[in-house]
Structures are given as C-alpha cells and as structure tokens.
Amino acid sequence: MDMFVIQGGKRLSGRVAVGGAKNSALPLMAAALAAEGETVLRGVPRLVDVDTLSALLESLGARVTRGGGGELSISVFNERPYIADYELVRRMRAGFCVLGPLLAKRGKACVSLPGGCNIGDRPIDLHLKGLRALGADIRIERGYVVARASRLRGTHLYLGGPFGSTVTGTCNVMVAAALAEGITTIEAGACEPEVVDLGNLLNAMGARITGLGTPTLRIDGVERLFGVEHSVIPDRIEAATLMMAAAITRGNVTLTNVCPDHMTSVLDTLNEMGVRIVLGDRSLEVSIEGPLRPVECVALPYPAIPTDVQAQLTALLATVPGMSIVTDKVFPDRFLHAPELVRMGARIRREGNSAIVSGVDRLSGACVMASDLRASAALVLSGLAAHGPTVVRRIYHLDRGYEHLELKLRQLGADISRVRDEPANVPEALQVGQHAPVAPPHFEPTVKPNRNRLR
Ligand code: EPU
C-alpha cells in the first residue's frame with residue numbers, strides 16, 4: 001500500500017491541466033453497452049475506477065481498449081452476459097450504472113447491490129423505482145438486483161428523493177428510457193453537468209432527449225443506439241480541489257481545461273472568501289490578495305456547492321480565521337475527514353449535517369488516514385498548508401478518482417511524494433519521541449494588481 005509524505009509550507013504556483021471528469025466518464029462507459037458498434041471516448045482519466053469499470057464491461061461481453069491521449073474505445077461483441085459481479089461492483093458503486101443499459105439492450109440484468117459506503121447511506125431505491133415505472137420486473141435475490149423486461153415502455157415518472165435528485169439514478173433511467181417504446185418524462189431528474197454529458201452522448205448515438213440540464217427530461221424512445229466518438233467534459237471536482245490547493249497555500253495557480261460554467265457556486269464561494277479568480281477561455285487563475293474570510297455554505301444538488309468538494313472546502317476553511325459553517329444536505333454523514341483534520345490542529349465541531357469550523361492560523365502536520373476519495377483530497381490539502389511533515393495513509397481511495405494528483409501538485413511546487421506505507425518511510429519528525437523542530441511555513445498574501453476580478 002502507498003502513502004503520501006508531504007512537507008507543508010510551499011506556496012503553489014504555476015499552471016496545470018485538469019483531466020476529464022471521472023463522474024462523467026463512468027456513466028458514459030456504461031452507456032456504451034446500450035449501443036451497437038464502437039464507442040470512442042476521449043479525455044478519459046487514468047483512474048482505478050475506470051480500470052474497474054473496464055473490467056466489468058469486459059465481463060459483460062465488451063472489448064475495452066486504451067489509446068493515447070485518454071482515448072478509450074468500447075465495442076460489444078457478445079450480448080449474452082448479463083451478470084455484474086459483486087467482486088467488481090462492490091469496489092466501485094458506479095458499476096451499478098450498467099443496470100439501465102443492460103436491461104434496455106439485453107432485456108435482463110443481474111447487478112450486484114454495491115454494499116456499504118464510507119460517505120453514508122447510499123440507497124438505490126430511486127434507480128429501481130424509475131426502472132419499474134418503465135415496466136421492468138425487479139427483484140432482489142442473493143444480494144443482486146434481478147431485472148427483466150422484454151421491452152420497456154415510456155411513462156411519466158417522478159425521480160426525487162429525500163435528499164433531492166439522484167445523479168447515477170437519473171443516468172440509469174435515462175439510458176433505459178432512451179431505448180423504451182414511447183415517450184418518458186422524468187420529473188426531478190438530476191441537472192449535474194455529468195448527466196448532461198451522458199444525455200449528449202446518447203443523443204449523438206441516436207437518442208431523442210430534451211430538457212438536459214433541467215429537472216424535467218423528455219425522452220422519446222428509439223429502437224437502436226449506435227456507437228460514436230465523444231469527449232468527456234473537464235472534471236469540475238478536480239478543478240475545485242486544485243483551486244483550493246492554491247488557496248490553502250495562499251498561492252497563485254492557473255488551471256487549464258476547465259469549464260467555469262460548471263463551477264459557478266464554487267467560484268462564488270471562493271470569491272466570497274476573498275480568493276481572487278480571473279476567468280480565461282477554458283482556463284482560470286487563482287490567487288490571494290489579502291486575508292481570507294470565513295463563510296457559511298451548503299452542499300446541495302447542482303448548481304449548488306457539490307458534496308464532492310465539501311471535504312476540501314472544510315480543509316481550506318480550517319485555515320481561515322473566524323467561524324465557518326459547512327453543511328452537507330446530499331450526504332449528511334460525509335464528515336469522516338473532520339476527526340483527521342482535528343488531528344492536524346483544525347478546530348471542527350460536528351453538529352448534525354454541519355461542520356462548525358473555527359479557523360486556526362496554522363495546521364500542524366501529522367499522520368492521518370484517508371477514509372474515502374474526497375476526504376483523501378482534503379487531507380492532502382491540509383498537509384500542503386501544515387507546519388512540518390504530514391503522512392496521508394490509505395491513498396488508494398484517492399487513486400480511484402484523481403489522476404496523478406501528486407504529480408500535478410509537484411508541478412505547482414508542492415513537496416509531496418508517494419512512498420510505500422512502511423514505518424521507515426514515516427518522517428522522523430512524526431515518529432514517537434523524535435519531534436524535531438521544523439520551521440513554520442510563512443504564507444503572506446501576495447499583493448497583485450486588481451484586474452478582471454470575478455463579479
Ligand atoms: N439517494 C436515494 N435513493 C437513491 C439514490 C440516491 O435516496 O436511489 C440519495 C443518496 O443517499 C444521497 C442523494 O440521494 O443522499 C444523492 O445521491 P446520488 O444518487 O446523486 O449519488 P450517486 O449517483 O450514487 C454520484 C457521484 C458521487 C456524488 C453524488 C452526488 C458518480 C459515479 N458518483 O453518486 O461522487 O457524490 O453523485 O453528487 O457519479 C465522488 O466522486 O467522490 C462521489 C461520491
């Protein structure tokens with residue numbers, strides 16, 4: 001197992017490119033099962049989750065090949081398999097996205113229930129409700145969802161749940177409805193850019209979907225879909241994470257391959273904190289001019305602050321003097337990063353679905369443990385800002401969703417390395433009885449001319 005060793009205190013600066021969106025790439029890959037011929041996706045990030053889904057698609061009769069430049073080609077040569085095995089789906093919940101495509105194209109699907117998750121309860125009742133409304137017969141047997149339908153039928157359905165819309169639930173139902181007979185209207189569908197990206201892919205394949213990016217989707221079913229070439233949208237969560245890495249080190253970073261339109265709430269919140277953001281053409285520059293201010297923010301479905309940046313934002317606010325409140329209304333229990341941040345000197349109190357953050361002047365490096373993908377990113381950000389070395393363990397969580405994060409951070413001047421998780425690799429300053437004095441990092445804000453300020 002690997003871990004990161006970070007020497008905090010380097011102000012990040014420079015330019016780095018954001019990769020393709022994981023949460024787009026995965027449902028797009030699954031949708032290739034519903035098409036005839038070859039689907040070629042461009043800008044697919046190199047991630048463990050992509051490899052896991054590739055293995056799942058191969059087990060379902062697809063040939064998946066990687067080309068240069070993030071190209072991934074998927075063609076189905078055998079439509080008989082219909083079982084998505086527990087061993088693969090339990091490793092990555094997005095594997096559940098094969099349910100809609102398999103059912104619609106092959107008339108049956110047997111997909112393992114994903115099981116527990118560190119970010120809280122993640123039911124799949126809305127996926128099943130939507131597919132049942134389209135006429136599927138669905139049962140749960142031996143830990144699997146067993147679904148059958150000779151031909152799905154269009155209908156009018158409501159897909160909202162107690163926590164709002166469902167992203168992958170909307171994806172599953174949208175793909176199924178694209179091949180159903182007649183018209184389907186989905187109310188309270190998810191509006192996330194990743195759902196729009198899937199809708200655009202399906203339309204290019206021959207589907208007839210309107211209302212993408214709104215809660216009401218109208219899908220006029222077609223008989224067949226055909227493989228096409230498609231580019232994955234930039235990863236708005238990776239972009240937000242890198243912006244917060246720049247802000248937490250009070251640095252100056254330019255990101256390329258970004259789509260600022262997908263990030264309005266994040267830009268707005270950072271702007272309210274006093275982070276200076278200059279928008280370019282598919283790029284943005286982040287810098288800090290003066291002291292940052294605390295904020296109150298709430299993670300909600302798009303276009304609000306995404307739950308997937310809640311942990312990173314909490315880490316950043318832990319370094320901003322004053323009291324901030326971060327609430328997560330999508331995954332109310334997604335706060336496993338908080339106790340680890342507290343080990344680094346953060347002052348965070350959990351109250352229900354909120355973290356009350358009293359910012360400190362300086363975090364202190366420590367050995368910390370990643371619990372999930374975005375929590376890992378939050379710990380890395382804190383390590384970049386902390387006084388002394390930080391060790392982040394269990395970074396396999398991070399490798400599921402960030403492509404070479406440490407290389408990108410190093411490109412920006414961070415002192416971060418990936419080493420084997422062995423006692424000998426823990427810096428002396430973090431070994432018991434070896435607390436060597438370390439010079440504290442010094443982040444004075446740089447003063448820059450005030451040009452093109454956001455808003
Ligand atoms: N929910 C239900 N019933 C359902 C489905 C969801 O009650 O049938 C609830 C969930 O418990 C949650 C809320 O609805 O409270 C939203 O869940 P959603 O279904 O939208 O989540 P998801 O589709 O399983 C995707 C992303 C997550 C991201 C969420 C929310 C992918 C592959 N995953 O998950 O990404 O947090 O949407 O935006 O797209 C991540 O990248 O770290 C990650 C966890």
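Select Ser13 first: its bridge partner in strand β15 is Asn252. Strands are DSSP runs of E with at least two residues, helices are runs of H or I with at least four, and both are numbered from the N terminus. The model is predicted, so local features require pLDDT of at least 70 and side-chain atom pairs count only at pLDDT 80 or more, whereas totals for chains, interfaces and linings use all residues. Residues are numbered from 1 along each chain as its sequence is written, and side-chain values use heavy atoms, with hydrogens and water left out.

Extend the selection to strand β2 (residues 13-17), which runs parallel to β15 and is joined to it by 5 bridges; two strands pair if DSSP finds at least two bridges between them. Next, add strand β17 (residues 283-288), which pairs with β15 in the antiparallel sense over 4 bridges. Within that pairing, Thr254 stands opposite Glu285. Of the 5 residues of β15 (residues 252-256), 4 are buried, so the strand is largely enclosed by the rest of the structure. Buried denotes under 20% relative accessible area, exposed over 50%, and partly exposed the range in between (1.4 Å probe, protein chains only).

Turn now to an open sheet of 4 strands, ordered β4-β5-β3-β14 with mixed pairing. At its edges stand β4 (62-66) and β14 (229-231); each has a single partner strand, so one side of each is left without a neighbour in the sheet. Strands β3 (residues 38-42) and β5 (residues 72-76) run antiparallel and are joined by 4 bridges. Here Leu41 stands opposite Leu72.

Show helix α1 (residues 22-31), which packs on this sheet and touches β3, β5 and β14. Its direction makes about 175° with that of β3 (axes are lines fitted to C-alpha atoms, for helices over the stretch in contact; angles run from 0 to 180 degrees between N-to-C directions).

For the interior, select Val98 and Leu202, the residues with the most contacts inside the largest nonpolar core, which has 76 residues. Such a core is a set of buried Ala, Val, Leu, Ile, Met, Phe, Trp, Tyr and Cys residues joined through side-chain atoms within 4.5 Å. Helix α6 (residues 167-178) gives the most to this core, with 7 residues. Among the residues that Leu202 touches are Met174, Val175 and Ile209, where contact means heavy atoms within 4.5 Å. A second, separate core of 73 residues includes Ile237, Val275, Ala355 and Leu379.

Notes. Lists of a residue's contacts leave out its neighbours within four places in sequence.
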